[in-house]
Amino acid sequence: MPEPRRPLVAANWKMNKTVAEAGDFLERFVASIGGLEAVDLVICPPYPALATAVEWTERTPIRVAAQNMHFEAEGAFTGEVSAAMLRDLGVEAVVLGHSERRQHFGETDEALARKVPAALDAGLLPILCVGESEDQRDAGETEEVLAAQLGADLAELDGGALSGVVVAYEPIWAIGTGRTATTAQAQEAIAFIRSRLAERDAGQAQAVRILYGGSMKPDNAAELIAQPDVDGGLVGGASLDPDDFLAICRAGVR
Ligand code: PGA
């Protein structure tokens, strides 16, 4: 029997929360994580709140993640931040390829192919987001889109490094819309992602955590995370409130 995968629940704050607001959230959150030892907890603040999040979560198991990074270590890339800079700050993980970055900021599969190994090399846990649009789902192209994203974004990953990547399946039509995927849709897509990863390495694919993201809420998280291939959640809107996010984290205890 393969080892059971440790659930992971991540708060993607997007462009929300000042330093003071991040502190208010974390003061409350850090004091309330008793009983969540079986779940990996990740908070993804905007860049200006990273340092305060690292301070608040010192001596706790909570990991702090950035929402993006550049693949180069340093250089003439105005407005960008490198993996080494994030590590220097105490950041331990990074969200890569979120659909909002792909849609609005020109994030490409070519860049992601370099970002994933750059994150791992620097010691950051990459959380790679993939997902189809509503039109693509309606056209029956979901699996094709997921396969293409995974193939391209993991193209430069070392053979042995696959199990160190976290994948988040985030159907674009479910993000911020309140239209959560059904448990069956989430399980089906995530099982497909795992089957594609297994074509690279069957053993490691069993160890890869694959999250669901898209309008995950306290009242639907438990049934989503109970699906056999769903290993946790990447939570946007509902992660802004500490009580809602805690409830979702508790749904990750299985
Ligand atoms: P949502 O966002 O929970 O607000 O739908 C999820 C995400 O974009 O990561």
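This is a short tour of a predicted model, going from the ligand to three pairs of helices.

Residues are numbered from 1 along each chain as its sequence is written, and side-chain values use heavy atoms, with hydrogens and water left out. Because the model is predicted, local features need pLDDT of at least 70 and side-chain atom pairs count only at pLDDT 80 or more, while totals for chains, interfaces and linings use all residues.

**The ligand**

Select the ligand first, together with the 13 residues that surround it, where a residue is near if one of its heavy atoms lies within 4 Å of the molecule. The closest of these residues are Lys 14, His 98, Glu 170, Gly 176 and Ser 215. The shell divides into 4 nonpolar, 7 polar and 2 charged residues, with Ala, Val, Leu, Ile, Met, Phe, Trp, Tyr, Cys and Pro counted as nonpolar, Asp, Glu, Lys and Arg as charged, and the others, Gly among them, as polar.

Next, select Lys 14, where an N or O atom of the side chain is 2.7 Å from an oxygen atom of the ligand. At Gly 176 a polar backbone atom is 2.6 Å from a ligand oxygen atom, and at Gly 237 a backbone N or O atom lies 2.8 Å from an oxygen atom of the ligand. Taken alone the ligand exposes 290 Å², of which the protein buries 97%; accessible areas come from the Shrake-Rupley method with a 1.4 Å probe.

**The helix pairs**

Two packed helices are described by the angle between their axes and the distance between the axes. Helices here are DSSP runs (H or I, at least four residues), numbered from the N terminus, and their axes are lines fitted to C-alpha atoms over the stretch in contact, with angles from 0 to 180 degrees between N-to-C directions.

Select helix α1 (residues 19–30) and helix α2 (residues 50–57), whose axes come within 9 Å and cross at roughly 20°. That makes α1 roughly parallel to α2, a term for angles under 35 degrees, whereas those over 145 count as roughly antiparallel, 65 to 115 as roughly perpendicular and the rest as oblique.

Keep α1 and add helix α11 (residues 242–251): their axes come within 10 Å and cross at roughly 40°, and the two are therefore oblique to each other.

Finally, select helix α7 (residues 142–153) with helix α8 (residues 183–200), whose axes come within 10 Å and cross at roughly 40°, so that α7 and α8 are oblique to each other.

How values were computed:
A polar contact is a pair of N or O atoms within 3.5 Å; within protein, one must be able to donate a hydrogen and the other to accept it, and residues adjacent in sequence count only if both atoms are side-chain atoms.
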